[in-house]
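Some notes on the side-chain geometry of this entry follow, in numbered points. Please read them with the structure open.

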Amino acid sequence: MNRAGFMTWLKDHFQRLSDDLLSGLPAGEDVVLNLEAEDSLFLRFNANRVRQNTEVEQIVLSLRLQKDGRSTQISRTLSGRFERDRDLGLALLREAREEIRALPADPHLVPLKNHGTSNAEFPGQLPEAAALVESVAATAAGSDLAGIFASGAVVSANRNSRGQNHWFASESFSLDYSLYDGRKAAKGLHAGPRWSEVEWKSNLDRTREQLLVLRRPVVAVKPGRYRSYLAPAAVSEILFTLSWGALSASAWKQGQSPFRKFADGEKTFSPKLHLRENFGLGLAPAFNGFGEVAPTVVNLIEGGERRELLTSSRSAKEFGLSSNAAGDGEAPRSPEILPGRLEEKNALKELGTGLYLSNLHYLNWSDPASARLTGMTRYACCWVENGEIVGPIKDLRFDESLYDAFGPKLIDLTTHAEIDPDVMTYGARQLGGRRVPGMLIDDWTFTL
Amino acid sequence: MKNSSEIAEKWLQGARQSADWVGVRFIREKTSSRTVRNDLPERNQSFIDEGAMVEVMADGHLGYAATADLSAEGLQRAFERALRTTRAAARHKAFAFSPAVRPKAAGHYRSPRRLPLDQASLAEITDVLTAATAAMKISGRIVNRSANAMLVSTESRFLSSNGSDVRQDFDMVLLNIMATAVDGRETQTRSSGGLNSLGNQIGAEIFNRDDFRRDGERLGREAEELLRADNCPEERTDVIIMPDQMMLQIHESIGHPLELDRILGDERNYAGWSFVKPEDFGNLRYGSALMNVTFDPGRHGQLASYAFDDSGHAATREFLIKDGLLLRGLGSLESQERAGLPGVANFRSSSWNRAPIDRMANINLEPGAFTLEEMIASVEKGVLMTSNRSWSIDDERNKFQFGCEHARLIEDGRLTKTLKNPNYRGLTVDFWNRLTAVGSADLVGTYGTAYCGKGEPNQAIRVGHASPPCLFRGVEIFGGAS
Ligand SMILES: [Zn+2]
């Protein structure tokens, strides 16, 4: 596909295709269609050289049929050629009808409705692949850079047989990288809708400066409890782990939530902690796979107290709750932690003596009943004394309950919050991201 | 698939004129996920993933473009796109590869199976899964009962300008069956084989109603039992690890650190680097003399059994670690050229839309001579841990911490009470050198996961791990909050 025309062409392709699929349905059948598509360039770098270049054009159509109190969903990749794709779409419909006949009734099924129409397009400015290779590599010459440049259009669209029609398309790039000095590394991320070599250079210079600090001798830090400053990227990593059931109504009801005691009202967090979904960030569409549109803001934790849990209409029906149009997995799609009162420039001074943690790695719940989380420090993590960086540490393992770390141990959050765009590319480039401040936490527990 | 490879054969004749080497890999994969929860259909989803990856070599550099338009024009457009970017990227290439990284390959592989996977009807599968969830309901304390089966059928074909023609067809089933019990403030989950760990190449014969019912009943009982169990103590003690946790231990602390692309730094910005250095091969005493680890894609019916990797390299069984000594890394032909080290046939992609990278396949711990009774009898005080539920390790694969669903206390050579929330932590090489007994061949459990994540762009791939139970001396263990 020609990169420049992808979003316009696809919109027309999808509208025609879905018109054909939705128009001929007999009474009693309802269909919801989802389209996920991308036209992407991936450049993988090691030692500031291209290890692999991959371009991917893919369009996935999902068809969900609801009939006789039963439902099934079948998806497939499309070719981009209209006649072929219409045949493929009709074949999905036939197969879905067969499956419906084999299934028992589903009492928690939510009938489809028209959830309205929306249209959001965020065009970007992205140079040709060949020019980008030069631009990234030449600017970083002399650095040992490893990472991934990803760019192109990402589309998410939804229509149903009740007339709803949503379209979300954006063009963007992300350069997720790290710089190395021997085994020591600093992490950088440069992302946006328009590529600018000047901005790339200044982003790179900031990361180079961080790497310079790591040249100081390594400070040996033993396992123990340390006052710690978590930079926004480290907080973002923790926020991401809350996607695995912590804020989900169905996970709570099914005994799978690591925040069960919080959801039950038995535990609270610090009054300084405010967590919400905010689709106003414009990072992800507010409609879910059913085309239901979430409120712009959904308060999840307010002043450390429980507000809403993310609740899909299906969970709402099963458990007698009210839906906030959460997605199928009831994971946050555009979460933010609200800033606090700590000026970022005073972060080291307020930390005093302890650990500055730029990034965390490989987090997992180690005791879900007590919301205890384990994980590793990574990249530019340093020992700080009297507000001054002494030197980098060897990576440490933490193991700590969030009821403590985000509870009485939470000293403050920074006044500045950063957007951390989602750069995951499992299966396809993802939309979305998180907005997070830094956090100062007392007596954070390190075990290994 | 047949139609498109005929088109491709013709198209290749033309394309080969413009590049040093051209290859195309077709994938058609159907994944059906069937979930029953509390005896009701919860979710039924299928995905037909069909497309082609066109690969070109120009100036010693390999580049890729993926398309789902399998017409001759679609392939040609992908080819031109790949060639244009690959030529530009070749000016900044990481390495100048020789043509030997794409050997000529011809052959066919098919998963072992007694019944084709599509012979299991949706009605039958739903019935079998419902039998499992119904059997879990041993009391009102079992609040959630779920059973999921993921059926995967893959057809792949690889053609290249130097005459490769490889067909590989796979049938796989992955199961996730679990019961959650709640009593007051206590919640415990028991699953079959641990989280996302039960997977093999197999056909429709796996859907045996009695097996599912028995498994469901056991999981319900064990979840209930955990509600009343004591917390795992915090101490340094002997640990017997059962195969459904050995799988994770092998995966995280042997498989990943031995990947040559990690050692070469490709993964530094995502999955991470490795504590293993090139000079460690042939020299590092990775574990005790009882430790024998193989790369074994030829083993019958494991999740990552195959005959060729995605570069066309024929797959053979190799010892990675023999009698505790590190011998060989998980490196494809490309990594072998770059590192000057021996490797294996492990250049694998997650689908048609990703380039191959160094991956695990089946990474297995070879059996020893001990019965489980002998291992238990040799422990004065310790614990036996089963089924993974939590995992975390640093980016050089050294400092790990793992948690299991279920444990039993061992006192004076006998299994005594059940323990909940068992966890252990350690350092990779120190830990494997504590290996004191390895179970015999009849105790080997075969597990696999579809979610090994790695690569930029990211790829989740299927891997298999077979292991007997093993005994480790003097491991740091601990429990949960009481
Ligand atoms: Zn993995």
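**Notes on rings, charges, the metal site and one helix**

1. In this predicted model, ring pairs join B:F400, B:F402, B:Y424, B:F431, B:W432 and B:F472 into a cluster. The search over all chains of the structure gives 35 aromatic pairs.

2. A stacked example lies in chain B. The ring centres of B:F207 and B:F212 are 6.1 Å apart and the planes meet at 20 degrees, so the pair is classed as stacked; the cut-off for that class is under 30 degrees. B:F207 has 13% relative accessibility and counts as buried. B:F212 is likewise buried, its relative accessible area being 3%.

3. B:W432 and B:F472 make an edge-to-face pair, with 5.5 Å from centre to centre and 70 degrees between the planes. B:W432 belongs to helix α9 (residues 428-432) of chain B and B:F472 to strand β24 (residues 470-478) of chain B, so this pair ties together parts 40 residues apart in sequence. Both B:W432 and B:F472 are buried, and both are members of the cluster in point 1.

4. Two charge-over-ring arrangements can be noted. In chain A, A:K253 lies over the face of A:W252, 4.7 Å from the ring centre. In chain B, the charged end of B:R268 is placed over the ring of B:W273, at 5.0 Å from its centre.

5. Which protein atoms serve as donors of the zinc ion? They are NE2 of B:H251, NE2 of B:H256 and SG of B:C452, at 2.0 to 2.4 Å from the ion. Along the chain, the donors of the zinc ion have the spacing H-x4-H-x195-C. B:H256 sits in the loop between α5 (243-255) and α6 (260-263) of chain B, while B:C452 is in strand β22 (residues 445-454) of chain B, so the pair ties together parts that are 196 residues apart in sequence.

6. Are these two donors buried or exposed? B:H256 counts as buried at 4% relative accessibility. B:C452 is buried too, with a relative accessible area of 3%; the limit for buried is under 20%.

7. Helix α3 (residues 129-139) of chain A has as its buried residues A:A129, A:L132, A:V133, A:S135, A:V136, A:A137 and A:T139. Within chain A, the buried residues of α3(A) pack against β1 (29-46), β2 (49-67), β5 (144-160), β6 (165-181) and α4 (197-213). They also pack against α2 (72-90) of chain B.

Definitions and conventions. Residues are numbered from 1 along each chain as its sequence is written. Chains are lettered from A and ligands numbered from 1 in the order in which they are written. This is a predicted model: local features need pLDDT of at least 70, side-chain atom pairs count only at pLDDT 80 or more; totals for chains, interfaces and linings use all residues. Side-chain values use heavy atoms; hydrogens and water are left out. Rings of Phe, Tyr and Trp (its six-membered ring) pair if their centres lie within 6.5 Å; planes under 30 degrees apart count as stacked, over 60 as edge-to-face and the rest as tilted. Buried means under 20% relative accessible area, exposed over 50%, partly exposed in between (1.4 Å probe, protein chains only). Helices (H or I, at least four residues) and strands (E, at least two) are DSSP runs, numbered from the N terminus. A charge sits over a ring if NZ of Lys or CZ of Arg is within 6 Å of the ring centre and within 35 degrees of the ring normal. Donors are N, O and S atoms within 2.8 Å of the metal (3.2 Å for Na, K and Ca); water is not among the atoms, so sites may look incomplete. Contact means heavy atoms within 4.5 Å.
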